[in-house]
Amino acid sequence: MNALSFKIFAGFLYAAIWPADAALPGGILVTWKTLADVKYRQRFNEAYDLYFMYPTFGPKVKSLEGKLIRIKGYMIPVDEYGRRYVLSAKPMAQCFFCGGAGPESLIELQLKKKDQRFKTDEIRTATGLLRLNGTDIDHLSYILTDVEVSD
């Protein structure tokens, strides 16, 4: 077996035996499927005099709260200056704001380096501390803090 064949074989073996949501150096690799472990119920919000959907997080998601995680998705700017971003499971045309996905398919990013800029739908990996938000309607259900973005 030559060196290239060995590297390919090792890569397949690694992917086959390493669990999808496993602790890796640099954080727990999380999939969007894991973040789907949430249900939403409608409740009245007196401050806004409107009904909103509030999350109830399942055990898989609750076990990740406060932990360093990594997740890959599409970068979507959410302000006119391109200073605030969300990470989406789907490209902008299909995301929760613009298409058919649910609110669990977005993560609010609080970037460590505030001056970073990304193109819409640029595929990146975000690493940060996961915060679950079940009450503050001015923020998303999933928030990553101290985020570093890589390829």
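In the predicted model, Asn45 is buried, with a relative accessible area of 11%. This value falls under the 20% limit, and Asn45 is therefore classed as buried rather than partly exposed. Asn45 belongs to strand 3, which covers residues 38-45. A polar contact links the side chain of Asn45 to the backbone nitrogen of Tyr48, at a distance of 3.0 Å. When neighbours within four places in sequence are left aside, the residues in contact with Asn45 are Leu50, Phe52, Tyr54 and Ile137.

One of these contacts, Ile137, also appears in the description of the largest pocket. Ile137 is among the lining residues that lie nearest the centre of this pocket, together with Asp136, His139, Leu140 and Ser141. In total, 21 residues line the largest pocket, and the space within the pocket amounts to about 420 Å³. Strand 4 (residues 50-57) supplies the largest share of the lining, with four residues. Sorted by class, the lining consists of 12 nonpolar, five polar and four charged residues.

A second buried position is found at Leu130, where the relative accessible area is 2%. Because this value is also under 20%, Leu130 is counted as buried. Leu130 is part of strand 8, formed by residues 122-132. Although Leu130 and Ile69 are 61 residues apart along the chain, their C-alpha atoms are separated by 6.6 Å. Ile69 is likewise one of the residues in contact with Leu130. Beyond neighbours within four places in sequence, the contacts of Leu130 also include Leu64, Glu65, Gly66 and Lys67, as well as Tyr142, Ile143 and Leu144.

Definitions and conventions:
Residues are numbered from 1 along each chain as its sequence is written. This is a predicted model: local features need pLDDT of at least 70, side-chain atom pairs count only at pLDDT 80 or more; totals for chains, interfaces and linings use all residues. Side-chain values use heavy atoms; hydrogens and water are left out. On a 1 Å grid over the protein atoms alone, a cavity is a set of points where a 1.4 Å probe fits but cannot get out, and a pocket is an open set with protein on both sides within 12 Å along at least five of seven lines; lining residues have an atom within 4 Å of a point. Grid points are joined across faces, edges and corners, and a volume is the space filled by probe spheres set on the points. Helices (H or I, at least four residues) and strands (E, at least two) are DSSP runs, numbered from the N terminus. Ala, Val, Leu, Ile, Met, Phe, Trp, Tyr, Cys and Pro count as nonpolar, Asp, Glu, Lys and Arg as charged, and the others, Gly among them, as polar. Buried means under 20% relative accessible area, exposed over 50%, partly exposed in between (1.4 Å probe, protein chains only). A polar contact is a pair of N or O atoms within 3.5 Å; within protein, one must be able to donate a hydrogen and the other to accept it, and residues adjacent in sequence count only if both atoms are side-chain atoms. Contact means heavy atoms within 4.5 Å.
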